[in-house]
Amino acid sequence: MITITQQRDKCIGCNYCVEAAPGRWRMSKRDGRSVLIDAKNRRGFWTVKVGDEEGAANEKAAALCPVKIIKLKDL
Ligand code: SF4
């Protein structure tokens, strides 16, 4: 398992995470920021646990994010 976290209020809406891992990210039409699918908000840090098979795509999303607000942690 992997934990993915996004500090959502710092998102600049560049869409890179959606391109890297479209199964886990989408853009919000409401505020133009990306949404980490199925994540829960804890004081601005949106977090979800996912299977290892999502690791590679989300590592790429984290590496591409220009504001470095996507973090991955192995469980
Ligand atoms: S890559 Fe980072 S800044 Fe760009 S949309 Fe995703 S979370 Fe937001």
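This briefing describes the core, the ligand surroundings and the strand pairing of one structure. The model is predicted: local features need pLDDT of at least 70 and side-chain atom pairs count only at pLDDT 80 or more, while totals for chains, interfaces and linings use all residues. Residues are numbered from 1 along each chain as its sequence is written.

**Nonpolar core**
- The largest nonpolar core (buried Ala, Val, Leu, Ile, Met, Phe, Trp, Tyr and Cys residues joined through C-beta atoms within 7 Å) has 12 residues, among them Ile4, Cys17, Trp25 and Cys65.
- Helix 1 (16-20) and strand 5 (45-50) each give two or more residues to this core; helices (H or I, at least four residues) and strands (E, at least two) are DSSP runs, numbered from the N terminus.

**Ligand surroundings and Cys14**
- Of the 15 residues around the ligand (C-beta atom, placed from the backbone, within 6 Å of it), Cys11, Cys14, Cys17, Ser34 and Cys65 come nearest.
- Cysteine 14 lies in the loop between strand 1 (2-7) and helix 1.
- Cysteine 14 is partly exposed because 15 other C-beta atoms lie within 10 Å; a residue is buried at 20 or more such atoms, exposed at 12 or fewer, and partly exposed in between, with C-beta atoms placed from the backbone.
- Cysteine 14 and arginine 33 are 19 residues apart in sequence and 8.1 Å apart in space, C-alpha to C-alpha.

**Strand pairing**
- Strand 1 and strand 5 run antiparallel and are joined by six bridges; strands pair if DSSP finds at least two bridges between them.
- Strand 4 (residues 40-42) pairs with strand 5 in the antiparallel sense over three bridges.
- Threonine 47 in strand 5 is the bridge partner of threonine 5 and of lysine 40.
- Strands 4 and 5 form a hairpin with two residues between them, and arginine 43 in the turn has a positive phi of about 50 degrees.
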